[in-house]
Amino acid sequence: MNNPAPHASDAYDETTDFGYRTVSRDEKKPLVRAVFDSVASKYDVMNDVMSLGIHRVWKRIFITTLAPRPGLKLLDLAGGTGDISFGWLKGGGGATLLTDINAAMLSVGRDRATARGYLPDLTFCVVDAEAIPVPDASVDRVAIAFGLRNCTDKDAVLREALRVLRPGGRFCCLEFSHVQVAALAPVYDAWSFGVLPRMGSMIAKDSESYRYLAESIRMFPDQEMLASMMRDAGFAHVSYRNLSGGIAAIHSGWRI
């Protein structure tokens, strides 16, 4: 099940991956949008199912890595239903721009923010992470959690994240990655490709979207490759931390 992940900065190709399918670059964004239109209302429930609730622990570690403080501004890319933005604000962080390319996901995020009383500190915006409509050097933190693998041009996302950061600002990415414990790999594959699509069918009435999500994880660059891509984009002091044996990883880089 472990397919090699292509380096996103290889010579430009008119095609890209959509899970294990090869599609044109122009096709991928509408296909990804359709996936998240389909799962938006059940996304948070399915995150619990997909990770057995462990995603909540990963996100807490991620927010600690972001180091929220009053006066620091966060740009939350592919922020979806708002978990990272809410954690940032709860931790004492400053003004937050919660963005996603998918309006249905942001709508769920806005409803959740309203219920939690976070609306005064949040700005919502439909944003393509490959072309961020934010001025240069205007935010202190850029976060993307479980979103980079769905982007067509990952190198463009990294370049944009660097551009909008102020000097001394930090980019952090939380993403499913490549398992580093050999004994865990077959169990993880069985869960991803056997159980998850059936769970998606039962809970979200959509097995194909969850099959895509599992496949997209396998096609994502591994830990070292993503670190290399971040350095190529211009980030300094790049590092990563494996979570749960490499099922997920947090990558960090600074603009100096």
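**Entry 1: Thr65**

I looked up Thr65 and found this residue in helix H3. The model I am reading is a predicted one. I then asked whether Thr65 is buried or exposed. Its relative accessibility is 16%, and since the cut-off for buried is under 20%, Thr65 counts as buried. Leaving aside neighbours within four places in sequence, I listed its contacts as Arg170, Cys172 and Ile250.

**Entry 2: Helix H2 and its contact with H3**

I turned next to helix H2, residues 43–51, and to how this helix packs with helix H3, residues 54–66. Their axes are 7 Å apart, and the packing angle is about 100°. Because angles of 65 to 115 degrees count as roughly perpendicular, I recorded H2 as roughly perpendicular to H3. On the H2 side, the contact is made by Asn47, Asp48 and Ser51. On the H3 side, Ile54, His55, Arg56, Trp58 and Lys59 take part. I sorted the residues of this contact by kind and noted two nonpolar, three polar and three charged.

How many of the nine residues of H2 are buried? I noted seven, so H2 is mostly covered. The buried residues are Tyr43, Asp44, Met46, Asn47, Val49, Met50 and Ser51. After H2 comes Leu52, for which I wrote down a positive phi, near 55°.

**Entry 3: The sheet**

I traced an open sheet of seven strands with mixed pairing. The order of the strands is E5-E4-E3-E6-E7-E9-E8. Which strands lie at the edges? They are strand E5 (122–126) and strand E8 (236–243), each of which pairs on one side only. From one strand to the next, the twist averages 15°.

Within the sheet I examined strand E6 (residues 139–145) and strand E7 (residues 165–176). These two strands run parallel and are joined by six bridges. I found Arg141 standing opposite Arg170 in E7. Helix H5 (residues 103–116) packs on the sheet, where this helix touches strand E4 (96–100) and E5. The direction of H5 makes about 165° with that of E5.

**Entry 4: Nonpolar cores**

In soluble globular proteins, nonpolar side chains tend to be buried together. With this in mind I looked for the largest nonpolar core and found that it has 43 residues. Trp58, Phe62, Leu122 and Leu174 have the most contacts inside this core. I followed Phe62 further: not counting residues up to four places away in sequence, Phe62 touches Ile84, Ala143, Ile144, Ala145, Cys172, Cys173, Leu174 and Ile250. Another core, of 28 residues, lies apart from the largest one. Among its members I noted Val127, Ile132, Cys173 and Met229.

**Entry 5: His178**

I located His178 in the loop between E7 and helix H7 (185–203). At 22% relative accessibility, I recorded His178 as partly exposed. Which residues does His178 touch, not counting residues up to four places away in sequence? I listed Ile217, Arg218, Phe220, Pro221, Asp222, Gln223 and Gly246. For the pair His178 and Ile217, I noted that they are 39 residues apart along the chain, with C-alpha atoms separated by 8.2 Å.

**Entry 6: Asp17**

Last, I looked up Asp17, which is found in strand E1 (residues 15–18). Its relative accessible area is 12%, so I entered Asp17 as buried. Asp17 touches Lys28 and Met219, not counting residues up to four places away in sequence.

Technical notes: Residues are numbered from 1 along each chain as its sequence is written. This is a predicted model: local features need pLDDT of at least 70, side-chain atom pairs count only at pLDDT 80 or more; totals for chains, interfaces and linings use all residues. Side-chain values use heavy atoms; hydrogens and water are left out. Axes are lines fitted to C-alpha atoms, for helices over the stretch in contact, and angles run from 0 to 180 degrees between N-to-C directions. Helices (H or I, at least four residues) and strands (E, at least two) are DSSP runs, numbered from the N terminus. Angles under 35 degrees count as roughly parallel, over 145 as roughly antiparallel, 65 to 115 as roughly perpendicular and the rest as oblique. Contact means heavy atoms within 4.5 Å. Ala, Val, Leu, Ile, Met, Phe, Trp, Tyr, Cys and Pro count as nonpolar, Asp, Glu, Lys and Arg as charged, and the others, Gly among them, as polar. Buried means under 20% relative accessible area, exposed over 50%, partly exposed in between (1.4 Å probe, protein chains only). Two strands pair if DSSP finds at least two bridges between them. A nonpolar core is a set of buried Ala, Val, Leu, Ile, Met, Phe, Trp, Tyr and Cys residues joined through side-chain atoms within 4.5 Å.
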